[in-house]
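Me: Please take a close look at the loops of this model, starting with the residues that have an unusual backbone. After that, tell me what lies around them and how the sheet is built.

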Amino acid sequence: MIQLDCLPYGVGHADEGVCLLVRMGPYRILLDCGLRDLSSLTDLGGDGPADLVLCSHAHADHARGLLSLHRAFPKLPIYSSEVTTQLLPLNWTDETDVPLFSHALPWRSPVEFQDGLTAELFPAGHLPGAAVILLTYTPPPTATESRSYTLLYTGDFFLSNSRLVEGLRLEELRGLQPDVLIVEGSYGTARYPHRRQQENQLAERISSAIAHNQSVLLPLPTLGLGQELLMLLRSHHLFTGRNIDIWVNGTVAAGCDAYLELLPSLPSAVQNFARHQPLFWDERVRPRVRHLDAEQRSAIGKSPCIILTDLTVDLSEFCQPKDSWLVLLPQQVSQQEGREAEEISLPHTTIESYLLAQHCDGPSTTQLIHNLRPQHVVFVHGAPNYLADLTGLEELHNRYHLHSPSAGSLVELPIGESFLQPVAPDNSYEGELAELGTVVTITLPDSVMADPRWRSLSDTGLIEARWQGEELVLRGLHQRELLNQGSDRLLAWSDGSLRECCQNCRHFRGQRCWNPGSPLFNFKVTPDGYCPGFEAIQASPEIVEETDDLEF
């Protein structure tokens with residue numbers, strides 16, 4: 001029997017990166033190398049951990065270990081798409097003279113590396129140059145088995161078009177029927193609005209902040225999201241012709257410059273845009289887009305502006321106490337929870353998160369799987385709970401052999417043999433529903449609290465429910481979301497007079513009291529609380545609401 005298995009060195013849980021060793025017959029293929037610590041690979045010695053390396057795309061969690069791997073094993077061949085080859089050096093901007101060690105492969109053209117082993121790349125969406133990799137192994141004619149074996153690795157993929165990347169074309173892969181599909185599950189089974197709807201929501205939030213004399217700070221990764229956001233701000237109707245300065249700083253600016261070098265590889269609509277005006281840097285057309293150099297730092301904050309900068313930026317570098325700032329963090333940023341302390345020390349700074357999807361949600365992931373019709377599906381790249389949700393889907397479990405391995409766990413992938421499918425993990429909870437006059441209660445077993453996601457759902461004790469077909473979907477309301485919903489509303493008595501409460505006090509910001517003369521100074525307070533230091537803010541008729549309509 002032909003050997004076919006997968007040994008993950010990293011499956012993308014938390015911040016470990018993705019690195020998968022696939023064995024097909026006599027060959028070892030390393031798919032991506034996003035590891036921070038390469039000791040598990042370099043300790044193997046010899047000629048290297050694999051016969052060749054294939055990199056799906058240039059994001060750090062898939063590529064940051066490649067330079068160290070190349071230095072440890074200079075003869076180990078590394079391959080990627082042509083665009084990825086040019087973007088890879090942005091993972092090591094702190095180093096000088098980084099060689100172009102990755103060999104470029106063409107799109108949609110099988111390349112034979114060893115006798116019987118070929119690879120073919122298809123555009124995956126998600127990021128310029130991102131590739132879906134199809135591996136095929138055909139045993140020699142003398143072997144007892146004459147059939148070919150195929151494995152498809154998606155890397156990170158996205159079916160929808162984004163501003164600078166066309167989505168994965170399902171028609172190119174439909175009915176492929178690979179023996180094995182290794183697919184990411186970053187968003188699990190979650191269902192998200194269409195990408196354009198997410199863009200409009202984000203654009204409206206930024207526009208509203210500017211209208212209220214707030215500057216907007218967007219910490220971003222080097223590649224992908226930053227350039228997408230900049231293109232959104234350049235072309236969205238809410239910003240076209242608007243007298244706003246957009247500043248781009250750090251490695252995000254370096255990523256923009258790299259995209260300009262790749263313009264012939266970007267979608268035709270983007271190339272057409274660039275024929276009429278600069279893609280990024282433009283001081284003539286409003287909004288103005290410029291590099292943020294040291295000499296301009298002193299002017300930041302004097303009038304509302306937008307800044308795109310590095311993900312790990314120190315907020316106090318830009319958000320000065322005398323200015324009003326809105327900081328918008330990508331929803332998937334792992335450092336997000338650690339920003340709370342910074343928010344406390346920056347009283348005029350509001351921190352919010354947003355979603356601008358770069359991966360497929362649950363329905364799109366299952367759509368890809370059903371179109372491909374593989375025998376084995378291996379889920380990687382996502383929180384363990386999210387991947388467990390995917391492996392627990394009945395519509396998948398009844399048709400495919402599903403796997404969700406952890407790092408270091410060998411996954412054997414026998415082909416054409418009948419074996420019992422493991423029992424699907426039970427991710428559902430049985431409870432009771434009771435109608436009590438004017439309210440409905442839903443009772444669930446306490447085992448639901450064992451899931452790490454319970455903490456987020458129960459954060460405030462408040463939930464939002466909505467119908468999704470015949471099902472009622474519940475989600476928890478986060479503290480920050482409640483603050484954002486209520487931050488522009490004043491509380492009034494039924495006769496229209498304003499209440500003397502924290503929500504209506506000019507010292508109430510970010511759920512805290514900032515009045516040095518108040519006994520509650522620097523403490524978290526409830527919007528309907530009261531203290532002797534109350535100082536009313538000016539109410540506008542359109543933002544006054546009666547307390548009967550509010551619940552705390």
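Reply: D97 counts as exposed, because its relative accessible area is 74% and the cut-off is over 50% (buried is under 20%, partly exposed in between, with a 1.4 Å probe on protein chains only). The model is predicted: local features need pLDDT of at least 70 and side-chain atom pairs pLDDT 80 or more, while totals for chains, interfaces and linings use all residues. Residues are numbered from 1 along each chain as its sequence is written, and side-chain values use heavy atoms, without hydrogens and water.

D97 sits in the loop that runs from α4 (82-87) to β6 (103-105). Helices (H or I, at least four residues) and strands (E, at least two) are DSSP runs, numbered from the N terminus. The backbone of D97 has a positive phi of about 55°, although D97 is not a glycine. Most residues other than glycine have a negative phi, and most peptide bonds are trans.

Where else does a residue that is not a glycine have a positive phi of about 55°? Q177 does, and its place is the loop between β10 (149-153) and β11 (180-184). Q177 is partly exposed, because its relative accessible area is 44%, whereas D97 is exposed at 74%.

The peptide bond is the next point. From R286 to P287 this bond is cis, with omega near 0°. P287 belongs to the loop between α8 (268-276) and β14 (288-291).

L44 is another loop residue, placed between α1 (39-42) and β4 (52-54). With a relative accessible area of 47%, L44 is partly exposed. Apart from neighbours within four places in sequence, L44 is in contact (heavy atoms within 4.5 Å) with Y9 and P49.

Is S186 buried or exposed? S186 is buried, because its relative accessible area is 13%. Its loop leads from β11 to α5 (195-211); β11 is also the strand at the end of the loop that holds Q177. When neighbours within four places in sequence are left aside, S186 is in contact with H359, H381, G382 and Y386. With H359, the contact is polar: the two side chains meet at 3.3 Å. A polar contact is a pair of N or O atoms within 3.5 Å, one able to donate a hydrogen and the other to accept it; residues adjacent in sequence count only through side-chain atoms on both sides.

Y386, one of the contacts of S186, falls in helix α11, which covers residues 384-391. The buried residues of α11 are L387, D389, L390 and T391. Among the elements that cover these buried residues are β18 (376-380), α12 (394-397) and β19 (401-403).

Now the sheet. β6, where the loop of D97 ends, belongs to an open sheet of seven strands. Their order is β6-β5-β4-β3-β2-β1-β20, and the pairing is mixed. β6 and β20 (411-412) are the edge strands; each has a single partner strand, so one side of each is left without a neighbour in the sheet. Strands pair if DSSP finds at least two bridges between them.

β4, where the loop of L44 ends, pairs with β3 (residues 27-31) in the parallel sense, over three bridges. One bridge joins I29 to L52 in β4.
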